[in-house]
Amino acid sequence: MRHFTCVNDIGNLKKAVQEAFEIKKDPFKYDMLGKNKTLLMLFFNNSLRTRLSTQKAAMNLGMSVMVLDVNQGAWKLETQRGVVMDGDKSEHLLEAIPVMASYCDIIGVRSFAQFESKADDYNEIILHQFMQHSGKPVFSMEAATRHPLQSFADLITIEEYKKTDRPKVVLTWAPHPKALPQAVPNSFAEWMNATDYDFVITHPEGYELAPEFVGKAKVEYDQRKAFESADFIYAKNWSAYNDPNYGKVIHADRAWTVDSQKMALTNNAYFMHCLPVRRNMIVTDEVIESPQSIVIPEAANREISAQVVIKRLLQDNY
Ligand code: CP
């Protein structure tokens, strides 16, 4: 694996999950693999889980870690080529990338959709510039269209908790006051579509995801119907994908909040969310605090997914 940006990069999913379980049993088995190697983690956007879990994963592998919050303390970066840089951005990404790459062996990048240009977001221009100009293995710590470390952790979690071979997994839109990217639902759909699970997506009309991410999933506009017999409920908000509303909140209908009445329609489903979550918007206190909520073990698995990915990048490139 040269880079890790989507489900296709990880190869056979069963093997990847097996490797994750092995690492979970013995996290320090490969603690010499990263000796004298440095991970640079670059954040264009905020993070709690990704920052800590990825750093811990790299430390488990014996790596040194540098973290840079691009917008706090570093020079403001221009990302578009051809711009006359007479504004507040002092440095261009095309110089910054090779400079930063010269100090490290692997680069993790977090760069969300900016909602200024759908084409730029869906072409992943920032992530691709890192892959093109750094000369180093690059992995996504959530990009404009995908959050693969999260989706891998979600898959590991479902494999740990599932009670049947082919569980019914439901991705449900839920309300949120601000416009959020489609990266988590896109990515979750991509990873679920790579399994043989019964995978259903439910959302209000107007919140359709890009067809390439919906893939073979069933789309059900009636949330209650979608919840029937579900084994896992994965809640997430996202903004509109389709034009002319790209990146906008069309409405934040509180009738879509995940509550106990809806969970009662399921097959005693587990509740999942990538976090951070807005309580009593996305999910009620009662559901997220219930024994069926597995949001904490799901977040803990972020360390495991990151460790599998960084381990493979070290093994395949050094
Ligand atoms: N789920 C997730 O990526 O969390 P952070 O945004 O806190 O990293």
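The questions and answers below cover the ligand site and one sheet of this predicted model.

User: Where does the ligand lie relative to domain 1 and domain 2?
Analyst: Domain 1 comprises 7-146 + 302-317, and domain 2 comprises 150-298. Both give residues to the shell around the ligand, so the ligand lies between them.

User: How many nonpolar, polar and charged residues are in the shell around the ligand?
Analyst: The residues around the ligand are S47, L48, R49, T50, R110, H147, Q150, C274, L275 and R302. Sorted by class, this shell has 3 nonpolar, 4 polar and 3 charged residues.

User: Which residue has a polar backbone atom 3.0 Å from a nitrogen atom of the ligand?
Analyst: Polar contacts here are pairs of N or O atoms within 3.5 Å. An oxygen atom of the ligand is 2.7 Å from a backbone N or O atom of L48, and an oxygen atom of the ligand is 2.9 Å from a side-chain N or O atom of R110. The contact with the ligand nitrogen atom, at 3.0 Å, is made by a polar backbone atom of C274.

User: What share of the area that the ligand exposes when taken alone does the protein bury?
Analyst: Taken alone, the ligand exposes 260 Å². Of that area, the protein buries 92%.

User: Which are the edge strands of the open sheet of 4 strands?
Analyst: The strand order is β2-β1-β5-β6, with parallel pairing. Each edge strand pairs on one side only, and these are β2 (64-69) and β6 (138-140).

User: Which residue in β6 stands opposite G108?
Analyst: Strand β5 covers residues 106-110 and pairs with β6 in the parallel sense over 3 bridges. Opposite G108, the residue in β6 is F139.

Conventions: Residues are numbered from 1 along each chain as its sequence is written. This is a predicted model: local features need pLDDT of at least 70, side-chain atom pairs count only at pLDDT 80 or more; totals for chains, interfaces and linings use all residues. Side-chain values use heavy atoms; hydrogens and water are left out. A residue is near a molecule or strand if one of its heavy atoms lies within 4 Å of it. A polar contact is a pair of N or O atoms within 3.5 Å; within protein, one must be able to donate a hydrogen and the other to accept it, and residues adjacent in sequence count only if both atoms are side-chain atoms. Accessible areas come from the Shrake-Rupley method with a 1.4 Å probe; for residues, only the protein chains shown count as cover. Ala, Val, Leu, Ile, Met, Phe, Trp, Tyr, Cys and Pro count as nonpolar, Asp, Glu, Lys and Arg as charged, and the others, Gly among them, as polar. Domain bounds come from an automatic or database domain assignment. Two strands pair if DSSP finds at least two bridges between them. Helices (H or I, at least four residues) and strands (E, at least two) are DSSP runs, numbered from the N terminus.
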